[in-house]
Amino acid sequence: MKIVSYGSFRQERPGILVPELGIAPLHTILLRLGRVPLETNTLLAFLDVLHPYIEEALEKEMVPWVSPAEVRLGPPVTRPEKIIVAGGNYQSHVDEAAGKKNAPSPSEPIIIFKPSNTVIGPNDALVRPKQSVQLDYETEIGVVIGRGGRNITASAAYDHVAGYVIANDVTARDLAFKDIQLSPLFAQMTRAKGIPTGAPIGPWIATKDEVPDPHNLQLRCWVNGELRQDGNSQEMIVDIPHLIEDISKVVELSPGDVILTGTTTGCGAFQNPPVFLTAGDVVRMEITGLGVMETPVADEV
């Protein structure tokens, strides 16, 4: 099942995308099932229970279909409580950042937060802030939490996953490392990753039944048609169940939280020479089974 949001910015409504038919408004499905309409995070919390009923309603076409071509797709999770970034979680990315093969990797996942209001839809403009000239892309698998919890074991982790989404972990490199030469303590990762519009996600949440193995997905990114990233989620240093286990030891996870699981090699900062995003660029990301996200870049005015 593919969960989307659609409508005006910050006024999106949840729906279910059936590629051959269109978008089924979730509130209509639930009302016809005799249930109260739910916002997205509550839907995700009860998805395991509601999923078969929604699928049955879709099979019977108990809905008025909305054409995706006639509406704006928003971020499939419109108001995540938390966006949690697992930094340095692909060996190829660690290697390119270190400038050498088989570079040391972190002993445990690096946890970074993006503000929840940085999410934008898959085709919304990514706005480069005035204070940055080194805006960079990172193609990532976003794990969307369904049932929340604390101290979740790796063996139970998938019980807490609602599905997966394409995510761009946008990073303003110059904001991150302005004073890093003075001391490693002066890295500013929240400043760099927390910029407005800095978390494009979409185009849908593929529920976990559609992604049998999230550790064998191809991640690709093009900028203006030029292939920049082409890697596989097999590269993850810490896999998804153990990310959830590790993060939930220190952070209580909630329905609708999005965990960004790391990026592969090929970010703009590590091209030769480095190349960063500017107004007029188009960033296209594709992950196996998760669709395509195509985001234009604009300058802040």
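This report describes strands, helices, nonpolar cores and the largest pocket of a predicted model.

## An enclosed strand and its partners

Strand S11 spans residues 161-168, and 8 of its 8 residues are buried, so the strand is largely enclosed by the rest of the structure. S11 pairs with strand S10 (residues 139-145) through 7 bridges, and the two run antiparallel. In this pairing, Val144 stands opposite Gly163 of S11.

S11 also pairs with strand S13 (residues 199-207), again in the antiparallel sense, over 4 bridges. Here Tyr164 has Ala206 of S13 as its bridge partner.

## The nonpolar cores

In soluble globular proteins, nonpolar side chains tend to be buried together. The largest nonpolar core of this model holds 45 residues, and the members that touch the most others are Ile141, Tyr164, Ile244, Leu253, Ile259, Leu277 and Leu290. Tyr164 thus appears both in this group and as the bridge partner of Ala206.

What does Ile244 touch, leaving aside its neighbours within four places in sequence? Its contacts are Val143, Ile145, Ile152, Ala157, Val161, Leu253 and Ile259. Apart from the largest core lies another one, of 30 residues, among them Leu26, Leu43, Ile205 and Leu260.

## Helix H7

Ile244 belongs to helix H7 (residues 240-250), where the buried residues include Ile240, Pro241, Leu243, Ile244, Asp246, Ile247 and Ser248. The buried residues of H7 are covered by several elements, including S5, S6, S10, S11 and strand S16 (258-260).

## Helix H4 and the largest pocket

Helix H4 covers residues 91-98, and its buried residues are Ser92, His93, Val94, Asp95 and Glu96. These buried residues pack against helix H5 (173-176). After H4 comes Gly99, which has a positive phi near 75°.

The largest pocket contains about 460 Å³ of space. It is lined by 24 residues, of which Gly87, Gly88, His93, Ala97 and Ile110 are the closest to its centre. Two or more lining residues come from each of strand S5 (83-87), H4, strand S6 (110-114) and helix H6 (189-193). Which element gives the most to the lining? It is H4, with 4 residues. Sorted by class, the lining has 13 nonpolar, 6 polar and 5 charged residues.

## A hairpin of two strands

Strand S14 (residues 218-223) and strand S15 (residues 226-232) run antiparallel and are joined by 6 bridges. Within this pairing, Cys221 has Gln229 of S15 as its bridge partner. The hairpin has 2 residues between the strands, and Asn224 takes a positive phi near 55°.

## The loop before the hairpin

Glu210 lies in the loop that connects S13 and S14. Is Glu210 buried or partly exposed? With a relative accessible area of 29%, Glu210 is partly exposed, because this value falls between the limits of 20% for buried and 50% for exposed residues.

Not counting residues up to four places away in sequence, Glu210 touches Met1 and Lys2. Glu210 and Val170 are 40 residues apart in sequence, and their C-alpha atoms are 26 Å apart in space.

Key
Residues numbered from 1 in each chain as written. Predicted model: local features only at pLDDT ≥ 70, side-chain atom pairs only at ≥ 80, totals over all residues. Heavy atoms only, no water. Pairing = 2+ DSSP bridges. Buried < 20%, exposed > 50% of the residue type's maximum accessible area, 1.4 Å probe, protein only. Contact = heavy atoms within 4.5 Å. Core = buried A, V, L, I, M, F, W, Y, C linked by side-chain atoms within 4.5 Å. 1 Å grid on protein atoms, 1.4 Å probe; cavity = no way out; pocket = protein on both sides within 12 Å on 5 of 7 lines; lining within 4 Å. Points joined across faces, edges and corners; volume = space filled by probe spheres on them. Nonpolar A, V, L, I, M, F, W, Y, C, P; charged D, E, K, R; others polar.
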